[in-house]
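I opened this notebook to keep track of what I looked up, entry by entry, with the sequence and the coordinates side by side.

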Amino acid sequence: NRIASEKFPNTLYEVLSQKKPTQFASWKHRDSARPTEKEYASIYSVLNGETNILREDTLYFATKKLTRNLDVKIDGHYFCYK
């Protein structure tokens, strides 16, 4: 959603490595990550537009609500829109 938003950079790399706001703290550990086949399948499904879990304007997530507008809570993460 951030790539499609005018408020954020236009590429996945730029969104993930953006300094302000820093959203993806684990990005700096990307070289040591060992995603499973299931995680890769989920990633490709989202990037290829095969699934739409969140509203298109949902841009933020955290372990607490970042805006008043909650789209969905998945496990311990709140996905919010403005």
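Entry 1, burial and surface. What percentage of the 82 residues in the protein chain do buried residues make up? I noted that this is a predicted model, and I then found that buried residues make up 21% of the chain. For the surface I looked up the exposed area, which is about 6600 Å² for the protein chain, with 52% of it supplied by carbon and sulfur atoms.

Entry 2, layout. I read the order of elements along the sequence as α-α-β-β-β, that is, two helices and three strands. The C-alpha trace spans about 35 × 25 × 25 Å along its principal axes. Turning to contacts with a separation of 6 or more, I noted that residues 24 or more positions apart account for 24% of them.

Entry 3, aromatic rings. I looked up the ring pairs and obtained a count of five aromatic pairs. In one of the pairs, Tyrosine 13 and tryptophan 27 meet edge-to-face, with 5.5 Å from centre to centre and 75 degrees between the planes. Because tyrosine 13 lies in helix H1 (residues 12–17) and tryptophan 27 in the loop between H1 and helix H2 (37–47), this pair ties together parts that are 14 residues apart in sequence. I also recorded that ring pairs link Phe24, Phe61 and Phe79 into a cluster.

Entry 4, charges. I found arginine 55 lying over the face of tyrosine 81, at 3.6 Å from the ring centre. For the protein chain as a whole I wrote down 14 positive and 10 negative side chains, and the centres of these two sets lie 12 Å apart.

Entry 5, serine 45. Is serine 45 buried or exposed? I placed serine 45 in helix H2 and read a relative accessible area of 17% for it, so I entered serine 45 as buried, the cut-off being under 20%. Leaving aside neighbours within four places in sequence, I found serine 45 in contact with Glu50 and Thr51.

Entry 6, histidine 77. Which residues is histidine 77 in contact with, leaving aside its neighbours within four places in sequence? I listed Phe61, Ala62, Thr63 and Val72, and of these Phe61 also belongs to the ring cluster with Phe24 and Phe79. Histidine 77 itself is found in strand E3 (residues 77–81), and I entered it as partly exposed, with a relative accessible area of 32%. I last looked up its C-alpha atom against that of lysine 65, which is 12 residues apart along the chain, and the two atoms are separated by 8.3 Å.

Terms used: Residues are numbered from 1 along each chain as its sequence is written. This is a predicted model: local features need pLDDT of at least 70, side-chain atom pairs count only at pLDDT 80 or more; totals for chains, interfaces and linings use all residues. Side-chain values use heavy atoms; hydrogens and water are left out. Rings of Phe, Tyr and Trp (its six-membered ring) pair if their centres lie within 6.5 Å; planes under 30 degrees apart count as stacked, over 60 as edge-to-face and the rest as tilted. Helices (H or I, at least four residues) and strands (E, at least two) are DSSP runs, numbered from the N terminus. A charge sits over a ring if NZ of Lys or CZ of Arg is within 6 Å of the ring centre and within 35 degrees of the ring normal. Buried means under 20% relative accessible area, exposed over 50%, partly exposed in between (1.4 Å probe, protein chains only). Contact means heavy atoms within 4.5 Å. Accessible areas come from the Shrake-Rupley method with a 1.4 Å probe; for residues, only the protein chains shown count as cover. Lys and Arg count as positive and Asp and Glu as negative; His and the chain ends are not counted. The place of a charge is taken as NZ of Lys, CZ of Arg, CG of Asp or CD of Glu.
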